[in-house]
Amino acid sequence: MSEYQVELVTPHTKDRMLGELKNRVKFERKANIHGACVKLLTDNEGFKEEWEDNFKFMNEDIRPHTKVFAVEDGGDLQVLYETVSKTCIIKNCDYYGWIKSIALATISDFFEEYHSEHRRYSTHGSAVDCGGHGMAIIGPPGTGKTTLTYGLLQYPNFNYLSDDWFFTRLFNNAAVIYSSEKNSYIRDDLSQVWPGFSKEVARVQLDNKGRGIADVNTLFQGRVRETNTLKTVVLLERNVSNPPFRQLDPDEALKFMLENDFCNPHQLIKDERKLNLRSDFFYELFQRVDVYLLNTVETPQESLDRIKNLII
């Protein structure tokens with residue numbers, strides 16, 4: 001679970017707060033997140049620089065679909081969200097990882113409310129490619145999603161698509177996934193599990209949580225993809241009472257997602273309507289792909305060995 005609580009506010013409250021905070025904003029940057037525009041307004045130069053490294057650039061003449069204000073006012077951490085204008089106000093946050101995840105959450109909310117023939121959905125998970133066959137890894141925080149993703153990427157036949165969040169479009173006969181970020185936000189302990197990444201990790205400027213933006217084109221030269229057809233989903237759990245690995249049917253897979261809050265600690269709105277929207281999406285997705293449940297109680301290499309041949 002995330003360590004912050006989201007408070008929903010009215011447009012009037014949002015306007016009042018922005019009036020109080022607007023003079024604190026020093027930097028403004030727009031990002032292109034899967035074709036949608038999200039604007040960051042902040043007084044934190046570090047956030048501005050990490051944002052530029054993290055996301056694709058959006059032209060300044062494009063009006064934002066969502067806005068994220070990240071400012072300090074000397075008080076406690078607050079995350080406030082106004083649903084009409086898709087504006088999030090983050091006060092007194094010292095961790096960029098939450099800034100970028102909340103930005104992705106605002107775009108996710110926008111896509112959920114943007115109904116058209118081209119339906120788009122977001123998933124808090126990683127994705128890799130092997131010979132045109134896409135695999136997603138989805139699990140609650142702490143179950144090894146990033147560890148297994150980079151474990152797969154040790155092998156030259158696997159390509160990088162996303163290590164934290166991706167978007168999905170459902171066609172009549174396929175599920176196509178799209179990357180969300182330009183670069184990867186990696187942890188400093190990655191090289192302790194997979195020593196092959198030690199040189200790349202050493203080049204990354206780390207923040208106060210031991211994480212930083214890594215250039216994926218340097219990490220995976222010629223092995224970066226922006227879109228793929230999803231064919232396999234691996235769900236993760238860590239429970240010593242359960243078997244290490246098994247295949248799930250769509251009903252079992254949806255039950256797992258519901259029990260684990262969609263494996264997404266960054267949901268700005270959680271109500272019955274949103275629950276139904278997200279449930280319908282995942283159930284439809286799980287009917288189109290092969291779904292497995294991996295219990296990561298074994299060593300990282302043993303867990304990796306159970307999934308690395310699913311798409312080879």
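**Exercise 1. Is lysine 86 buried or exposed, and what is its relative accessible area?**

Solution. Start with the verdict: lysine 86 is buried, at a relative accessible area of 10%. The cut-offs here are under 20% for buried, over 50% for exposed and partly exposed in between, with a 1.4 Å probe and protein chains only. Next, place the residue: lysine 86 sits in the loop that links strand S6 (78–82) to strand S7 (87–91). Strands are DSSP runs of E with at least two residues, helices are runs of H or I with at least four, and both are numbered from the N terminus. Then check the backbone: phi of lysine 86 is near 55°, a positive value in a non-glycine residue.

A quick word on the ground rules. This is a predicted model, where local features need pLDDT of at least 70 and side-chain atom pairs count only at pLDDT 80 or more, while totals for chains, interfaces and linings use all residues. Residues are numbered from 1 along each chain as its sequence is written, and side-chain values use heavy atoms, leaving out hydrogens and water.

**Exercise 2. Where is aspartate 261 found?**

Solution. Look in the loop between helix H8 (250–259) and helix H9 (272–286). Now the backbone: aspartate 261 isn't a glycine, yet its phi is positive, about 55°.

**Exercise 3. Describe how domain 1 and domain 2 meet.**

Solution. Step one, the bounds: domain 1 covers 6–116 and domain 2 covers 120–309, as given by an automatic or database domain assignment. Their C-alpha centres are 25 Å apart.

Step two, contacts (heavy atoms within 4.5 Å): 30 residues of domain 1 touch 24 residues of domain 2.

Step three, area: the two domains bury about 2600 Å² between them, with 58% of it on carbon and sulfur atoms. That's the accessible area (1.4 Å probe) lost when the two parts are put together, summed over both. In domain 1, His34, Tyr95 and Glu112 lose the most area to domain 2, together 23% of what that side buries.

**Exercise 4. How many salt bridges cross the interface of domain 1 and domain 2?**

Solution. Apply the rule: a side-chain nitrogen of Lys or Arg within 4 Å of a carboxyl oxygen of Asp or Glu. That finds 8 salt bridges across the interface. For a worked pair, take lysine 56 and glutamate 226, whose side chains form a salt bridge at 3.2 Å, N to O.
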